[in-house]
Amino acid sequence: MQTQTYYAVTAPRLTFQPLADSSTDVEVAVLGGGFAGLAAARGLQERGITSVAVLEAQTIGHGASGRNGGFVFGGYSRDAADLVSDLGLAAAREFYAHSREAIALIRSRIEAHAIDCDRQEGGALLLNWFRHSARAERQLRDQARWLRENFGVTWDEIEPAQVRQWLDTQRYGGALLERDAFHFHPLKYALGLARVIEHAGGRVHEHSAVMSIERLAAGGFVLRTSHDASIRAAQVVVAGGAYLKAMLPALTGARLPIATYVIATEPLPPNLRPIRTPAALYDNRFAFDYYRALADHRLLWGGRISIQERDPARIAQMLQADLLKVYPQLAAVRVSHAWGGLMSYARHKMPQIGQLAPGLWFAQAFGGHGVAPTTVAGEWLADAISGRADLPAALRRYGLTPVFGQAGLLAAQATYSWAELRDALKERLPG
Ligand SMILES: Cc1cc2nc3c(=O)[nH]c(=O)nc-3n(C[C@H](O)[C@H](O)[C@H](O)COP(=O)(O)OP(=O)(O)OC[C@H]3O[C@@H](n4cnc5c(N)ncnc54)[C@H](O)[C@@H]3O)c2cc1C
């Protein structure tokens, strides 16, 4: 089995030179070459600020952005109904609409710059795991109606018989189809976007971990990197996700690094391909499976949430067992790649976006639902930094709430275990 991710093995070998000198000045320096950092840098360029530098500690897409399930879908980690309770209907509706606009923006960037990232249109299908529960079927339909009535969003209701035509499994009941979602190879997209930023006059540096950010008396900041190089910037965006180490405690103390895991199988022979829909697939449990068919006929399968990072052999074993609960006919299929990744979660499960001090911006805590929201953050930050618009006032509701380190992690694990238990009971005792 490969120890690298499937994405790392199949992406082009694009490299970006480390920052090597200390003579560069830019308008905006961005810490982190994940989707949040790249979206902010590209958003700035699209608003006429071309002098940007992205500094990435490892390689572009090394974090969650280059390891994820590849689902590009609407919404945030926090439930849509909770957004309404927090913000009121109008602001919640606007936030949700931004996430859908971000899907369109990602799509249009892929097309405008011919980013080759295996984009597969066909939506995202939310499947009812609790097939024997009439209540769970009703809840799915209520969810569709709620989205339509409150956010004006249509998710198609799919009958169980149709699900069984699309998927060779008896595991699920009905489903909801979010049609304008798609899926892609996230690392190819991250690398492609980094190349676009560079072609537009920006700087992208890999192996350039930012070790410190100092405010200069004359204005602006200096960022020093691991190779003793430095760069000056009028403004800074910190987008280090769960991979940011203790450098800025206000940020690292406000989000928990939570692991989730992915495997890819070897290519499936024609008689064993169980998926006949181009949609990306996930189910309605708290710790759901998320999976999709890849262009080369492998199955990419993700799942589990944990506070522990695990080694690839253990991940392969756990996720293959999950896969076989749905598709037992794939028992003889080998797992070719297994990996984990860290998501960053705030206690409120919403992204944290704001300013630590004038000119020192941040965007983190996109959780497990971050591909579109990181793009929303990039747009908001680019508007704010370029002086076009302030950050939405409603973001203040989702501040840098402390997570209490190890105690917070243990509490998160207890919450996950409880939610998993509740789902297991719901499966045994359908209502
Ligand atoms: C396994 C997995 C599956 C997921 N599946 C999906 C999905 O299908 N759909 C979806 O919407 N979301 C998904 N997510 C969530 C989504 O991937 C994340 O929310 C999103 O990618 C976060 O982007 P980010 O830029 O904030 O962080 P990251 O992508 O983690 O990027 C942060 C970057 O900052 C760098 N960095 C950290 N510290 C420094 C420093 N000091 N100097 C320089 N660089 C630094 C890191 O090396 C890293 O590359 C998944 C996440 C995981 C882990």
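User: How do the residues of the shell around the ligand divide into nonpolar, polar and charged?
Analyst: In this predicted model, 44 residues surround the ligand. Gly34, Gly63, Gly241, Gly341 and Gly370 are the closest of them, and glycine is counted here as polar. The shell divides into 20 nonpolar, 22 polar and two charged residues.

User: Which helices and strands each supply at least two residues of the shell around the ligand?
Analyst: The closest residues to the ligand include Gly341, which stands opposite Thr260 in the pairing of β13 with β17. Both of these strands contribute to the shell, as do two helices. The elements that each supply at least two residues are α2 (35-46), β13 (256-265), β17 (335-345) and α10 (371-385).

User: In which sense do β13 and β17 run, and how many bridges join them?
Analyst: Strand β17 is mostly covered, with nine of its 11 residues buried. One pair of facing residues is Thr260 and Gly341, the latter in β17. The two strands run antiparallel, and the number of bridges joining β13 to β17 is 10.

User: Why do the buried residues of α5 lie on the same side of the helix?
Analyst: The buried residues named in α5 are Leu140, Leu147 and Phe151. They lie on the same side of α5 because they cover an arc of only 50° around the axis. The face turned away from the buried side carries exposed residues, among them Arg135, Arg138, Asp142 and Glu149. The arc that places the buried residues on one side is 50°.

User: Against which elements do the buried residues of α5 pack?
Analyst: Helix α5 spans residues 134-151, and its buried residues include Leu147 and Phe151. Just after the helix, Gly152 takes a positive phi of about 65°. The packing partners of the buried residues are α3 (80-87), α4 (89-112) and β7 (175-178).

User: What span should helix α5 have, and how far apart are its end C-alpha atoms?
Analyst: Helix α5 has 18 residues, and at 1.5 Å a residue it should span 26 Å. The distance between its end C-alpha atoms agrees with this expectation. That distance is 25 Å.

User: How many of the 24 residues of α11 are buried?
Analyst: Helix α11 reaches 35 Å from its first C-alpha to its last, close to the 34 Å expected at 1.5 Å a residue. The helix is hardly covered. The count of buried residues in α11 is zero.

User: Is Ala365 buried or exposed?
Analyst: Ala365 is found in the loop between β19 (360-364) and α10. Its phi is near 70°, a positive value in a residue other than glycine, whereas most residues other than glycine have a negative phi. Because Ala365 has 30 C-beta neighbours inside 10 Å, against a cut-off of 20, it counts as buried.

User: How many other C-beta atoms lie within 10 Å of Phe404?
Analyst: Phe404 lies in the loop between α10 and α11 (405-428). Phe404 has a positive phi of about 60° although it is not a glycine. It is partly exposed, and the number of other C-beta atoms within 10 Å is 13.

User: Which strands stand at the edges of the open sheet of three strands?
Analyst: The order of this sheet is β3-β8-β4, with antiparallel pairing. Two bridges join β3 to β8, and the bridge partner of Val72 in β8 is Phe182. Each edge strand has a single partner strand, so one side of each is left without a neighbour in the sheet. The edge strands are β3 (71-72) and β4 (120-121).

Notes:
Residues are numbered from 1 along each chain as its sequence is written. This is a predicted model: local features need pLDDT of at least 70, side-chain atom pairs count only at pLDDT 80 or more; totals for chains, interfaces and linings use all residues. A residue is near a molecule or strand if its C-beta atom, placed from the backbone, lies within 6 Å of it. Helices (H or I, at least four residues) and strands (E, at least two) are DSSP runs, numbered from the N terminus. The expected span of a helix is 1.5 Å times one less than its number of residues. A residue is buried if 20 or more other C-beta atoms lie within 10 Å of its own, exposed if 12 or fewer, and partly exposed in between; C-beta atoms are placed from the backbone. The arc is that of the directions from the helix axis to the C-beta atoms. Two residues are in contact if their C-beta atoms, placed from the backbone, lie within 7 Å. Two strands pair if DSSP finds at least two bridges between them.
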